[in-house]
Amino acid sequence: MIFSFYFLILIFTLIIKDSCFIVIPFNTYENNNKDISQQLNITEFYNYYFYNNLFSEIEIGTPKKLLYLTVSTTFYGLKIGHLCEQDIDSSYNNKDSSTFYRDSKGKITYPQYEGGYYAQDSLSFPTDLDISSKNIITLNNISFIFMPTNDENKDKNMCGVIGLSLNYYNYVERGHNIINYFNKIDIIHSYSYSIYYKNNNEGYIIIGKEPHDVMPDNFNQNNLRRTNALSDGYNSVEWKTEFNQIYFYINGEKKKMTDSKKGKLAIENNYLVGTDNYKAKIEEFFFRKYIEKNICHYEKVEKKRFVALVCNNDSSFDINSFPSLYFFHRIFNYTFELTKDELFLQKNGKYIFLVFFSDYNIDYFSLGKIFLKKYLFVFNQDTKTIGFYNKNLQNEIYIEKRSTLLKVIGVLIIIFCCVLGFFLAKKIYEETRKRRLNEINEQYEYNSYEKNNINYEDNKNKIFLEMPSK
């Protein structure tokens with residue numbers, strides 16, 4: 001009975017281990033708009049370059065057609081329709097798909113999705129990092145929010161949006177999360193996903209397995225540390241974490257942020273949004289002298305509540321002395337670093353500081369692509385955790401394992417010595433006892449012999465008188 005129980009656990013474990021995972025290969029849409037002026041201002045820069053537009057080409061419908069899917073960590077569900085302003089050409093048309101199905105005749109009344117409705121169709125996804133391997137799985141009846149053509153979106157192109165946030169923010173998105181769907185039909189057995197960049201513009205979204213299972217040569221499970229995602233201050237949780245210290249160095253002296261030290265991981269942005277405290281400190285210790293000399297200045301993004309620092313590209317601006325920005329996380333036991341080469345972009349004769357600042361009083365850093373491309377994280381929508389592989393722990397793990405091994409060997413040696421000592425003591429005791437018994441026996445025999453001889457000699461010399469019988 002016990003054997004059968006453990007056998008079933010083993011089989012179940014093997015099934016989980018060998019379960020499928022979903023791969024969504026992505027590329028980055030680059031805006032090649034020729035209308036951008038040579039005298040690039042910060043508003044144009046923000047509009048064309050601030051957002052990280054990840055997209056993937058997925059086959060959908062019957063017959064199969066290509067659909068561009070974009071990625072968002074602030075949206076929860078899956079929506080398809082005339083949504084994209086980018087110049088993309090999806091060949092999918094829901095009217096031509098024999099597997100397209102409208103769930104109900106009623107329309108969605110929520111303002112953000114007004115005119116839309118729930119629908120289903122078949123979608124195909126790779127199940128291998130080697131996209132050319134043809135390991136493709138087609139899943140039928142995937143439910144999504146469909147946005148048909150209307151007066152407001154008639155100039156937009158057909159595409160989809162995959163939501164990877166932690167929670168739905170309205171009833172419309174509920175029940176249309178693609179990771180939930182994959183688990184519901186037992187294609188995968190985990191709610192984890194990770195965004196892996198293989199170069200600056202391309203990568204994979206891996207759903208259902210963690211990187212150490214998919215790329216064991218690159219990631220070690222022993223190096224994975226997890227922390228809970230944090231609340232947004234209301235009733236929901238976001239992909240936020242809290243660092244123990246955020247700081248930079250000036251002339252060897254650490255300048256720490258004294259306000260909130262939270263960070264929000266936002267892959268849909270290319271750059272960072274910093275806190276007011278960082279703005280004040282980096283201005284005081286680095287930018288102020290350049291601002292006073294009109295070498296650097298703030299520019300406001302029109303129609304957005306953001307400002308950015310822009311500096312002239314001339315010899316008087318010493319970019320090489322700009323201090324790296326550090327984020328120390330105690331649970332991850334790691335200090336993340338963004339250097340001057342990652343925090344500045346040289347464009348049209350200007351240096352643009354890639355940390356934007358909001359007019360709102362935000363209490364966290366928004367960490368975009370320049371952070372998430374450099375450092376891979378593992379997200380889990382079910383456990384609401386964020387994981388990170390600290391490769392620096394390898395030496396610590398080796399030392400810890402070596403120390404544990406030495407302790408085990410030491411204990412085994414002590415046990416061996418105790419056992420050996422016990423048997424040696426037992427053998428010595430038995431030999432001593434045996435020798436003692438032999439000596440006693442020999443002494444006894446000798447004493448008996450002596451006694452018998454003495455009695456014989458005594459009796460031989462004595463005269464015995466026989467009493468007459470009556």
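Buried means under 20% relative accessible area. Keep that cut-off in mind for strand 6, where Y117, A119, D121, L123 and F125 on one side are buried, as are Y118, Q120, S122, S124 and P126 on the other. The model is predicted. This briefing covers its nonpolar cores, strand 6 with its partners, and the loop residue G349.

**Nonpolar cores**

- The largest nonpolar core holds 99 residues.
- Within this core, F125, Y278, F371 and F377 touch the most other members.
- Strand 20, residues 306-312, supplies the largest share of the core, with six residues.
- Another core lies apart from the largest one and has 13 residues. Among them are F21, Y204, L376 and Y389.
- In soluble globular proteins, nonpolar side chains tend to be buried together.

**F371 and its contacts**

- F371 is one of the four residues that touch the most other members of the largest core.
- Leaving aside residues up to four places away in sequence, F371 touches F243, L265, F327, F336, L338 and F377.
- F377, one of these contacts, is also among the residues with the most core neighbours.

**Strand 6: buried on both faces**

- Strand 6 spans residues 117-126.
- Because 10 of its 10 residues are buried, strand 6 is largely enclosed by the rest of the structure.
- Both of its faces are covered. One side carries Y117, A119, D121, L123 and F125. The other carries Y118, Q120, S122, S124 and P126.
- F125 belongs to strand 6 and is also a member of the largest nonpolar core.

**Strand 6: its partners**

- Strand 2, residues 54-60, pairs with strand 6 in the antiparallel sense over two bridges. Here I60 has L123 of strand 6 as its bridge partner.
- Strand 5, residues 101-102, runs antiparallel to strand 6 and is joined to it by two bridges. R102 has A119 of strand 6 as its bridge partner.
- Strand 7, residues 136-147, is also antiparallel to strand 6, and nine bridges join them. Q120 has S143 of strand 7 as its bridge partner.

**G349: a loop residue**

- G349 sits in the loop between strand 23 (344-347) and strand 24 (350-353).
- G349 has 45% relative accessibility, so it counts as partly exposed.
- G349 and D314 are 35 residues apart in sequence. In space, they are 8.6 Å apart, C-alpha to C-alpha.
- G349 touches N312 and N313, not counting residues up to four places away in sequence.

Definitions and conventions:
Residues are numbered from 1 along each chain as its sequence is written. This is a predicted model: local features need pLDDT of at least 70, side-chain atom pairs count only at pLDDT 80 or more; totals for chains, interfaces and linings use all residues. Side-chain values use heavy atoms; hydrogens and water are left out. A nonpolar core is a set of buried Ala, Val, Leu, Ile, Met, Phe, Trp, Tyr and Cys residues joined through side-chain atoms within 4.5 Å. Buried means under 20% relative accessible area, exposed over 50%, partly exposed in between (1.4 Å probe, protein chains only). Helices (H or I, at least four residues) and strands (E, at least two) are DSSP runs, numbered from the N terminus. Contact means heavy atoms within 4.5 Å. Two strands pair if DSSP finds at least two bridges between them.
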